[in-house]
Amino acid sequence: MAKEVVIESLMKSGSFWFPEGATSITNRVDGLFYFILAGSIILFVGICATLVYFLYKYRRTEANPVATSNITHSTILELVWTIIPLILCLFIFWWGYKDYLSMSTPPGNALEIRVIGKKWLWQFEYPKEGVKTLGELVVPVNRPIRLVMGSEDVIHSFFLPNFRIKRDVLPNRYTRLWFEAERTGNFQIFCSEYCGDAHSAMLATLRVVTEAEYKEWLKGGSGASDEPLPELGKRLYTKNACNTCHSIDGSPSVGPTWKGMYGHNVSLVDGTSVLVDDAYIKESIEKPNAKVVKGFQPIMPAYAGVMREREILALIEYMKSL
Amino acid sequence: MSNQLENTVQHHVAHHFDTAEQEFTTAKLGMWIFLVQELLFFGALFVAFFVFKYLYPQMYIEAHHHLSWKMGALNTVFLITSSFTMVMGVRSAQTNQRRATMNYLFATMMLAFCFLVVKYFEYAEKFHHGFLPPHFFSGEGVHQSLPIFFGLYFVMTGLHGIHVLIGIGLIAWLMYRSSKGEFNSEFYTPVEMVGLYWHFVDLVWIFLFPLFYLVG
Amino acid sequence: MVHESHAASEGSYLTNPKGWKSWLFTVDHKRIGIMYLLFIVISFALGGFFALALRLQLLSPVKFLFTAKQYNQLFTLHGAIMVFLFIVPSIPASLGNFMLPLMLGAKDVAFPKLNLASFYIYVFGAIFCVFSMISGAADTGWTFYTPYSTTTDTSVISMTLGAFILGFSSILTGVNFIATIHKMRAKGMNWFRMPLFAWSLYATAIIQVLATPVLAITLLLLILERTMGVGIFDSKLGGDPVLFQHFFWFYSHPAVYIMILPAMGVMSELVTTFCRKNVFGYTTMAYSSIAIAIISFLVWGHHLFVSGQSDNAAAIFSILTFLVGIPSAIKVFNWLATMYGGSINLKTPFLYFLSFIVLFCVGGFTGIMLGALSLDVYFHGTYFVVAHFHYVMMGGTVMAFIGGLHYWWPKMFGKMYSEFWGRVACFFIFAGFNMVFFTQFILGAKGMPRRYFNYLDQFQSLHAFSTVGTWVLGLGFLIMAFYLIDSLINGPPAPANPWGGMTLEWQTQSPPIMHNFESAPVVDHDPYDYKRMDG
């Protein structure tokens, strides 16, 4: 479990245009793209060839000082290039609509997972199993998954490129998304609705594993028990999206840097100061807005109930090592 | 009649028009297009009004008890009467009755003032009870979305009130020009244009009144 | 009538009357058009500068030149300035203002004072936008989506107030143009003897008048939401942030046609003049502009395919989106058909005509892809969308704007520019543009989301290539700035009709006299009746 999670590259996998699909519906979506692309290329080449031919044939010369044709219109011709694109467009509409419907209607037996988007991390909850994770969505292969999504602040958008799906995550209602992975692997999750400073760091990983691995993972939860604490902390630093706001190189970002913080006093917004020790770090993870460091906004989401005790200890150990 | 026409000012057709008629119809067309724009401006607010009426019908029923339909009705009477005096004002300008024009315009302006005075008392009452837009809302209510109603109420009646104020300014300008004898049966374009505007302002209120005060 | 006798000696509109006051208080549509042109070009330069800066940051996948917040402010300013200060007013307010009365054979627009008022409202709105820039620039993106825009601490109010005011400038210009086209046409010029540029401005004006007020009220509600709360976008009170998106796109999708319709009008003028031939399918061209204007009001929902609207709504918006594409396709085919049997004069404006055709086709085809529901779900919010609308807006509108500027430059300033440098600049702009934006199609298709400050390392080579493209593009515009300024100073004087155009603006001096024509023109033939002229 402690092994490094390598996310499949979007650029290197798949075709010239698309990343490798992880479900069969992507073939239909990509197919529509290639269909329109082919039609476009034929038309485009036709238009360009006509342009070039006309430019050469009818260029203004001594011999061709004025127009040789007086044609002002041709109803037949204009009808042709109204009706043919119209039919093509209606066909494309139908293709797109059909796939859209099947992409938005989940089968009844789907496994339900709750998704919460907040500035700037993704949290996943498995209501039946009582498991919560951050930045990592683990699902079994070949089983339909239904995501029920909500936001705690602004609008986000949950985007899975390898599955060609995306849905906005809204603060005032639940939106739904479903997919069924047909191969195992680690896939990229993006936030694709602009949500502020760390929008581009609001990433997560989708891990598609076998049914057996999934069961195993549910039992073990998200933390691996045998992994040394500082290494686990280092992994959690990116996995739990700490890195979107806290640097480890001493430069302040949205939140204070972790470098050289442990064991020192910091001033708080209320004018007092506090020693950064295990208790303060634990409190700041679980109830971050209780004591906010001076110069920063109280915007960190609370991690209470999301992180296990051992994971918090791991982060403390990691901070010590910086 | 004759003594009223003594010190009239001859209107000159602007340089880029060929005839006075072209100038008049152009102005009228421009005014109508402008009013279409105004319609869309308020239209979006009415859409928002209906969206929330559809979402929270209970909230609207609760909220309209906090508005006085009597005051609203009084204001409706003021504005409808003012539309009538405006029509008579335009009519008088067209028929060279300058004194009547002045009187009708003055009456229109006074009715507009009455409207604003009533509106003042209504607003004061809302302030007193804290029925204000969400940031300042402190009224007692049951429905959690009640502040939205008052947000919409103040935005819509407030924008309408601003239009009434602008109308008063325009009528004052008409009276000034009329007193200099600029309007007569040959040239009454500004009177007619302001008249159109005033009817529009009236019309908006005709929609606002039942929607806000009488919804239940 | 008295004017006619000494009209010839009165000098052009540029020099008569003299003095800076005569410019600031002018009601002459030509001078107002020139003042608009100046501000629009400055806005374009400013927006372009921000684009260069943000592309520079994207050379690196991690923090490099700017902080995340600065980057977000840069793309917001780039978008807001380009949309509200540059592209919406670009062709109508500058070229349209100057040319419309000339093309109709009128002395001025219907309401000259209102025209000047529109200009000053524009300047006033621009001041607020600039103020936002220097007082903690907005970081919401030009779309101002709630609830981000109601909660961020940057100067959103100033920027939206600016856009609100600019909206009124646009509305009043629209009112003016509609009245002008209805009432100010020369004797004998019936509706179907009107140049197509006038038709396109008419269609544009309809949208300006009908859609802009909705944007105005939406932005006003946003401002009020931030100051006193209205609640309708506030989810905590039961409001709906997505309602903002519906309101916003109810304007902003038709606004796309405010941007492209005048460009199409310019294209029709270019093709007929430089092919010396009647435009093919005049009536279809005129009606298709109006059709676009009408359908454009019914497609706003295609910006919300992934926002959780119902499947039925999505289907309706998708099908209408395809329908609005058809009139545009007709136009492209009709322009091509106009070239058939013509006598093509391959001058700089016509090079921009060709660039438009090529780039607009790419924009149109990718528009078809985005209109298809299943593909839009994938492409929404990625660089694919960014590339698509730049192909339409920049590849379309900006090309037509530059083409139109070169076409009417001799008429506006009475000077010719260097044909050689004109072609060189066009080459750089065309090549640079494709480097920047075609690359972004690939990025988007590979899944790269837009408005990303940092990105995955794997995207770096494509991003870097795109950034290099902006330098080529910038160089093209730099060359253009040099030779156009040079032409104002050293350019040879322009004849009244350098390209052999048939529309009325070519029937008066270059530059025109103050009241446009020495005697009121009378029209007794179709606008592009070259057969009649050439025998």
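Student: Which helices of chain C each supply at least two residues of the lining of the second largest cavity?

Tutor: To read a cavity, ask which elements its wall is built from. In this predicted model, helix 4, helix 7 (156-183) and helix 8 (196-227) of chain C each put at least two residues into that lining. Helix 7 of chain C gives the most, with six residues.

Student: How many residues line the second largest cavity, and which lie nearest its centre?

Tutor: There are 16 lining residues, and Phe84(C), Val88(C), Pro89(C), Leu166(C) and Ser170(C) are the ones nearest the centre. The volume they help enclose is about 130 Å³.

Student: What about the chemistry, by residue class? How does the lining of the second largest cavity divide?

Tutor: Sort the wall into nonpolar, polar and charged, then look at the split. Here you get 10 nonpolar, six polar and no charged residues.

Student: Let's look at helix 4 of chain C, then. How do I compare its reach with what's expected?

Tutor: Take the distance from the first C-alpha to the last and set it against 1.5 Å a residue. Helix 4 of chain C runs over residues 68-104, 37 residues in total, and reaches 51 Å, close to the expected 54 Å.

Student: Where does helix 4 of chain C have a kink?

Tutor: Look at Ser90(C), shortly before the proline Pro92(C): the kink there is about 65 degrees. So don't let the end-to-end reach stand in for a look along the axis; the definition of a bend compares axes fitted on either side of a residue.

Student: Is helix 4 of chain C mostly covered or mostly uncovered?

Tutor: Mostly covered: 35 of the 37 residues are buried. For that count, buried means under 20% relative accessible area.

Student: And what follows helix 4 of chain C?

Tutor: Gly105(C) comes next, and its phi is positive, near 75 degrees.

Student: Zooming out, how many cavities of 30 Å³ or more does the structure hold?

Tutor: Seven. The largest has about 550 Å³ of space. Its lining counts 32 residues, with His246(A), Pro256(A), Ser284(A), Pro288(A) and Met300(A) nearest the centre.

Student: Which elements give two or more residues to the lining of the largest cavity?

Tutor: Helix 5 (278-286) and helix 6 (309-321) of chain A. Helix 5 of chain A gives the most, four residues. Checking domains helps too: domain 1 (1-70 + 106-222) and domain 2 (229-321) of chain A each contribute at least three residues to the lining of the largest cavity.

Student: How is that lining made up by class?

Tutor: The largest cavity is lined by 24 nonpolar, six polar and two charged residues.

Note on methods: Residues numbered from 1 in each chain as written. Chains lettered and ligands numbered in written order. Predicted model: local features only at pLDDT ≥ 70, side-chain atom pairs only at ≥ 80, totals over all residues. Heavy atoms only, no water. Expected span 1.5 Å × (residues − 1). Bend = angle between axes of the 7 residues up to and from the residue. Buried < 20%, exposed > 50% of the residue type's maximum accessible area, 1.4 Å probe, protein only. 1 Å grid on protein atoms, 1.4 Å probe; cavity = no way out; pocket = protein on both sides within 12 Å on 5 of 7 lines; lining within 4 Å. Points joined across faces, edges and corners; volume = space filled by probe spheres on them. Nonpolar A, V, L, I, M, F, W, Y, C, P; charged D, E, K, R; others polar. Domains from an automatic or database assignment.
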